[in-house]
Amino acid sequence: MQGLMMDYPLTMERILEHANRLYPRKRISTVLPDETVHRYTWADLHSRSKRLASALEGLGIEPGDRVGTFAWNNYQHLELYFAAPCIGAVCHTLNIRLSPDQLAYIISHAEDRVIFVDATLLPRFEAVIAGLSRCPRIVLFNVKPGIRIDLPDAIGYEALIAGGSDSFEWPANDENAAMGLCYTSGTTGEPRGALYSHRSMFLHTLGVNQSNALGLVESDVVMPVVPQFHAMAWGLPYACAAAGAELVLPGPHLNPAALARTIADEGVTVAAGVPTIWTGLYEALKVNPRDVSSVRALIVGGAAMPRGLIEAYETELDVPVVHAWGMTELSPLGTVSRLQRHHRALPDADRWDVKARQGYPICGVDMRIVDDSGNEAPWDGSSMGEVQVRGPWVIGRYYRQDPSPDHFTADGWFRTGDVGSMSPDGFLTITDRTRDLIKSGGEWISSVALENALMDHPAVTEAAVIAVPDAKWTERPFAIAVRSPNADPVAAEALQALLASAYPKYWVPDRIVFVEQIPKTSVGKLDKKVIRRQYTEGKFG
Ligand code: AMP
């Protein structure tokens, strides 16, 4: 027997209409390139998105067409987050930090019809155009009078939407139609596209706002430092619209001092970004204290948050940290590490151990750990294997790619490529990426665990560990580390002794080399591909 409830399409315009109806006066603030703050409301965003939608149709954009963006986090970018999907088109966010070649590949692969480019990024984008066989139509955000634009046919954003109508009626959208496209940053391998649907993003939005997840509420002021080109800013703009929260978009001003100022000036309650951002902010706040007491949740994901940094934020700055794990392919939220009732009795030190884990799967994400022999591992806190997931906001196949067994199992699960274990109470601990595990003398070594241990030393700000070939043991761990400017220098031998006190002897890297900085991917993660290449080229002696 079928249920008898309405077949109500879960589409993006429902979320936008909800924000406009319920929270029209709630603010959206953007730090502009000249550091002044642009402010308007969800009602303003609603009417401008309608103008933009009708102008997009005027440009000939049809359902299913890809509309590219090449921009910082700002209100115009946000208008595209709604206007493109709400006319059935696909908002395709381009990662501004990729190389011109990678971007040209992605734009050609996605066949973007039009791309909205931040004028401040024009020089970077011109290098991309040189590699395209056919240049899409270009629309420019933040055009200043007098700026020289050499692109044929480029138009200014304000001029475009001035010709649109704010009484535009949304067409009826199919909840299974595509609404957003993000290529993964390629920590390993070629970029691959995750194509979100209205339904998947709607359900992800409800998932994010579960109180056991990120739980945004009407009184929040949310600052996504995570770029809008990284998995739709982790879905936070849609979650804010659904909750009626205010948004603060930092524009191009991502340096720690600027972020500290924005948090203090805007009264940010929830800020979200990768650990590198929060390491920088912590150091900036130590040197130049600011009032960050408004922050009720510092959300960190995209890479493991070192335990020492969680402890430092919570004890020294009184800022609660919410560690989360996810992937572009998961829209992106998968797990959240919040303390549960049974953790209350734990001493503080153990609580930070819990928070340093990746957390429990939120309702809507099924998770299992599968060992090397293909068997599901028990949730016993020690059995390790590949993390596999399934759920309504988990990728079913990559855009324009046949599903391969490297990514999808025959019984319908997505293979994350992350390796980890589950505790009996359902907390995921990621120990590595499949490719980052080190196998030495037949035994596994976790590079992530070594990195975290090194970064817990006060004299080390960052560390990366890779596997290097070894004639006797097949592989050995090799570490690079960045010395903290605020502590007495530490010797490699002292760090090796520290590791030896915590891990089996064979885990200790034979060499730890100090470097000025560690190569990062475009979204701020350790770029092990580059480190491996530098190692092979003899950069570390
Ligand atoms: P991306 O799709 O660029 O967001 O990358 C997703 C990958 O980042 C995951 O598969 C993990 O390898 C890594 N990652 C994300 N969040 C965490 C976390 N909290 N701890 C450890 N690794 C993480």
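**Group meeting talk: contacts, spaces and unusual backbone in one chain**

Let me begin with Pro-9, which, leaving aside residues up to four places away in sequence, touches Arg-14, Asn-173 and Glu-175. Please keep in mind from the outset that what we are looking at is a predicted model. Pro-9 belongs to the segment before helix H1, a helix that covers residues 12-22, and with a relative accessibility of 24% Pro-9 counts as partly exposed, because buried means under 20% and exposed means over 50%. To give a sense of distance, the C-alpha atom of Pro-9 is separated by 30 Å from that of Ile-107, a residue 98 positions away along the chain.

Let me now step back to the whole protein. There are 16 helices and 25 strands in it. The radius of gyration is 23 Å, close to the 24 Å that the globule rule gives for 541 residues, so the protein is as compact as a globular protein of that length. Along the principal axes, the C-alpha trace spans about 70 × 65 × 50 Å. Of the 541 residues, 57% count as buried, and the surface that the protein exposes comes to about 22700 Å², with carbon and sulfur atoms supplying 51% of that area. If we take the contacts with a separation of 6 or more, then 68% of them are accounted for by residues 24 or more positions apart.

A residue that illustrates such contacts is Ser-200, which is found in helix H7, residues 198-208. Is Ser-200 buried or exposed? Its relative accessible area is 8%, and Ser-200 is therefore buried, since the limit for that class is under 20%. Once residues up to four places away in sequence are set aside, Ser-200 touches Pro-392 and Trp-393. By way of contrast, Gly-251 lies 51 residues from Ser-200 along the chain, and the C-alpha atoms of these two residues are separated by 27 Å.

I turn next to empty space. Rolling a probe the size of a water molecule over the atoms shows where such space is left. When the whole structure is searched in this model, 5 cavities of 30 Å³ or more are found, and the largest cavity has a volume of about 120 Å³. That largest cavity is lined by 15 residues, and those closest to its centre are Thr-93, Asn-95, Tyr-183, Thr-184 and Phe-229. Strand E4, residues 90-93, and helix H4, residues 100-110, each supply at least two residues of this lining. Which classes of residue make up the lining of the largest cavity? There are 8 nonpolar and 7 polar residues, and no charged residues.

The second largest pocket offers about 420 Å³ of space. Its lining consists of 22 residues, and Ala-356, Arg-357, Thr-429, Ala-449 and Asn-452 are the ones that lie nearest its centre. At least two lining residues come from each of helix H13 (348-356), strand E20 (428-433) and helix H14 (447-455), and H14 gives the largest share, with 4 residues. By class, the lining of this pocket divides into 10 nonpolar, 8 polar and 4 charged residues, whereas the lining of the largest cavity, as I said, has no charged residues.

Finally, I would like to point out some backbone features. As a background remark, most residues other than glycine have a negative phi, and most peptide bonds are trans. With that in mind, please look at the loop between strand E14 (321-326) and strand E15 (333-337), where Pro-332 has its place. The peptide bond that joins Ser-331 and Pro-332 is cis, with omega at about 10°. Ser-331, which is found in this loop between E14 and E15, also has a positive phi of about 75° although it is not a glycine. How accessible is Ser-331, that is, buried or exposed? Ser-331 has a relative accessible area of 1%, and so it is buried.

Another residue with a positive phi is Arg-400, for which the value is near 55°, and Arg-400 is likewise a residue other than glycine. Arg-400 lies in the loop between strand E18, residues 385-390, and strand E19, residues 414-422. Whereas Ser-331 is buried, Arg-400 is partly exposed, with a relative accessible area of 46%.

How values were computed: Residues are numbered from 1 along each chain as its sequence is written. This is a predicted model: local features need pLDDT of at least 70, side-chain atom pairs count only at pLDDT 80 or more; totals for chains, interfaces and linings use all residues. Side-chain values use heavy atoms; hydrogens and water are left out. On a 1 Å grid over the protein atoms alone, a cavity is a set of points where a 1.4 Å probe fits but cannot get out, and a pocket is an open set with protein on both sides within 12 Å along at least five of seven lines; lining residues have an atom within 4 Å of a point. Grid points are joined across faces, edges and corners, and a volume is the space filled by probe spheres set on the points. Ala, Val, Leu, Ile, Met, Phe, Trp, Tyr, Cys and Pro count as nonpolar, Asp, Glu, Lys and Arg as charged, and the others, Gly among them, as polar. The radius of gyration is taken over C-alpha atoms; the globule rule is 2.2 Å times the number of residues to the power 0.38. Buried means under 20% relative accessible area, exposed over 50%, partly exposed in between (1.4 Å probe, protein chains only). Contact means heavy atoms within 4.5 Å. Accessible areas come from the Shrake-Rupley method with a 1.4 Å probe; for residues, only the protein chains shown count as cover.
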